[in-house]
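Trainee: I should like to work through this structure with you, question by question. May we begin once it is displayed?

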Amino acid sequence: MIKTKSQEEIELMREACRITRDTLKVVENSIKVGISTKELDKIAFDYIKSQGAIPSFKNYCGYPATICASVNDTIVHGIPSEEIILKEGDIISVDVGAKYKGFHGDAARTFPVGKIDSKVKRLIKITEQSFFEGIKGLKSGAYVGDISNRIQTFVEKNGYSIVRELVGHGVGRELHEDPQVPNYGRAGGGPRLNTNSVIAIEPMVNMGDRHVVFLSDGWTCKTRDGQPSAHYENTVLITDDGVDILTL
Ligand code: MF3
Ligand code: CO
């Protein structure tokens, strides 16, 4: 069942999402050549705590950190490490969630480290744009498959591929609620969304083919072909006549 949120719950989700979004900004401002992903994780942890919230991911199914820090060919769920040091030309996808008074926010961005290749810059841009394509026309009564199909069509038209093993999701008291929101699929497919449903839409876009490998740490998801991948995610409230992007 797809939950709808009460007005009170939505206000709490707004604050959770505000903290989530500001955490991404704080991390972005700390990105520089020579910093480790472990240091970025600490910065995110401290900021979330300073806001009276708690990290949504830490201990979720045993996940050991506040952020997912996924560099270059790591698609998502990269575990922060003092051995992973950012260097000029890298890209890093940062995914973070904050839980405030019982409700989660969830968002991700891919950032450049110093000057990056123009081809990789385009990958980041198309990934971000695919999210905005996905929410075009989205409002109460729309099908989840409409979002999925728009994202897939846009990404593939631009010469990239969509990761299928991981999907977006409802979000609220739980980090992952119904429905699943795939980034590929058929328009008109899947369940319908109602006013006051809240979902996280999160395209993961590969420069090369769509296939992935999972590392033996149980989390890290990389591209099979070693080419870079980008991620963009927002928590979105469905309304009568559109959407409210809570993590923007
Ligand atoms: N945004 C990701 C997701 O919705 C992050 C989850 S990381 C985890 O799946 F550690 F919490 F699993
Ligand atoms: Co998510």
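Trainee: How are the donor residues of the cobalt ion (ligand 2) spaced in sequence?

Mentor: In this predicted model, the protein donors are Asp106 (OD), His169 (NE2), Glu202 (OE) and Glu233 (OE). They lie 2.1 to 2.2 Å from the cobalt ion (ligand 2). Written along the sequence, the spacing is D-x62-H-x32-E-x30-E.

Trainee: How many residues apart are Asp106 and Glu233?

Mentor: Asp106 belongs to strand S5 (residues 103–112). Glu233 sits in the loop between strand S13 (229–231) and S14, and the pair links distant parts of the chain. Their separation is 127 residues.

Trainee: Is Glu233 buried or exposed?

Mentor: Buried means under 20% relative accessible area. Asp106 has 2% relative accessibility and therefore meets that criterion. Glu233 has 0% relative accessibility, so Glu233 likewise counts as buried.

Trainee: What is the geometry of the site of the cobalt ion (ligand 2)?

Mentor: The site has 6 donor atoms. Six donors count as octahedral if opposite donors are over 155 degrees apart and all others between 65 and 115. The angles among the donor atoms here run from 68 to 168°, and the site is classed as irregular.

Trainee: Which helices each supply at least two residues of the largest nonpolar core?

Mentor: This core has 29 residues, and Ile199 is one of those touching the most other members. Contacts of Ile199 include Ile147, Leu193 and Val236, as well as the cobalt donor His169. Strand S9 (198–201) and strand S14 (234–238) each supply at least two core residues, as do helix H3 (118–134) and helix H4 (144–157).

Note on methods: Residues are numbered from 1 along each chain as its sequence is written. Chains are lettered from A and ligands numbered from 1 in the order in which they are written. This is a predicted model: local features need pLDDT of at least 70, side-chain atom pairs count only at pLDDT 80 or more; totals for chains, interfaces and linings use all residues. Side-chain values use heavy atoms; hydrogens and water are left out. A nonpolar core is a set of buried Ala, Val, Leu, Ile, Met, Phe, Trp, Tyr and Cys residues joined through side-chain atoms within 4.5 Å. Buried means under 20% relative accessible area, exposed over 50%, partly exposed in between (1.4 Å probe, protein chains only). Helices (H or I, at least four residues) and strands (E, at least two) are DSSP runs, numbered from the N terminus. Contact means heavy atoms within 4.5 Å. Donors are N, O and S atoms within 2.8 Å of the metal (3.2 Å for Na, K and Ca); water is not among the atoms, so sites may look incomplete. Four donors count as tetrahedral if all angles lie between 85 and 135 degrees; four count as square planar and six as octahedral if opposite donors are over 155 degrees apart and all others between 65 and 115; anything else is irregular. Lists of a residue's contacts leave out its neighbours within four places in sequence.
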